[in-house]
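Colleague: Could you take me through one part of this protein slowly, as I am new to this? I would love a close look at the place where the two domains meet.

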Amino acid sequence: MAARRRILTGDRPTGPLHIGHYVGSLSNRVQLQDAYECFFIVADVHTLTTRPEKHHLDALHDNIRQVVLDYLAVGIDPERSTIFVQSAIPETFELNTLLGMLVTVPRLERVPTVKEMAQHEHLDALPFGLLGYPVLQAADILLPRADLVPVGKDNESHLEVTREICRRFNKLYGPIFPEPGTLLGDVPSLLGTDGQAKMSKSLDNTIYLADDTATVQRRVMGMYTDPKRVRADIPGTVEGNPVFQYHDAFNPDAAEVADLKDRYRRGAVGDVEVKRKLARALNAFLEPIRERRAAYAADPERIEAIIDAGNAHMRRQAQETMAQVRAAMGLKFAAAAGALAGA
Ligand code: TRP
């Protein structure tokens, strides 16, 4: 069998994942497992670029567990794919340092998200590590020699940095790394329950994959809809209306959705009916995910074993890559130390 092409992607563990993550990336990842050898990184070290304080670190272990539970709950299959934790792979730090020599400060200062993250966290000067966020991400991607990286638009600029560093490395030291391509999702991101452009924990406009039936019901009934419709007999707008965007994404009954849209446009349906039907569809969609999540959550040792096995598998790939990197660069002492460590 020809070796399958490799994918690496993942998330920073800042808390449980929501239905926006599902639509934007998780459902895609579940599909990609069939054709690719997939590595899913829980990028805990990246959270330190903006949140190095101890109380954030104290929450990290639980957050990592939540993300892994969400991965497993949506159908990422640990028998076929590798789920691992970034900080468990020390080669990441070594490669990060070496790659940092191949990119300039002005280049990194031009990455728009780096500035945005600093502003979002109210940091008035850029920490060295945050400026290096895209370099660390390049190390994540190049360590398993990934061919393809599925990400959202917000990560496109990081992957450009990865490719530039990759080309520079190969030119200076020899062709070690395949140049990774970007696999951009084509689905528009899910609006927040309040109609804002994006779901985010800080805006409190999310529905989590782990939310129970009553929470989903309450969240949906409180959703933002067309504000002009103060009465049910006023014609409403479907486009850009989060309630209908969610119906399109999660309600498999296309005839019901078409009927609701039609009556909404004519002013012949109340918001309550539209929302009740959405809550029902969303709960039906989430139920098997919740069940799988609960089954895994009830077996913490199994989760630990899955993470340990994923870390061990990724570690072997990382050691192989670093042996090639040290040899290509002629870092003899590093190569000898790596050999001593069993690489
Ligand atoms: N930067 C990604 C985010 O926005 C997380 C991440 C870290 C990542 N390393 C990665 C994504 C490698 C894809 C590949 O949260």
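Modeller: Happy to; here is a walk through the meeting place of the two domains. This is a predicted model, where local features need pLDDT of at least 70, side-chain atom pairs count only at pLDDT 80 or more, and totals for chains, interfaces and linings use all residues. Residues are numbered from 1 along each chain as its sequence is written, and side-chain values use heavy atoms, with hydrogens and water left out.

Domain 1 covers 6-190 + 300-342, and domain 2 covers 213-295; these bounds come from an automatic or database domain assignment. Their centres, taken over C-alpha atoms, lie 36 Å apart. Domain 1 brings 14 residues to the contact and domain 2 brings 10, where contact means heavy atoms within 4.5 Å.

Together the domains bury about 960 Å², 66% of it on carbon and sulfur atoms. Buried area is the accessible area (1.4 Å probe) that two parts lose on being put together, summed over both. On the domain 1 side, Ile 19, Ala 73 and Leu 190 lose the most area, together 52% of what that side buries.

Now for the charged groups: the interface has 1 salt bridge, meaning a side-chain nitrogen of Lys or Arg within 4 Å of a carboxyl oxygen of Asp or Glu. Arg 293 pairs with Asp 70 in a salt bridge, and their closest N and O atoms are 2.8 Å apart.
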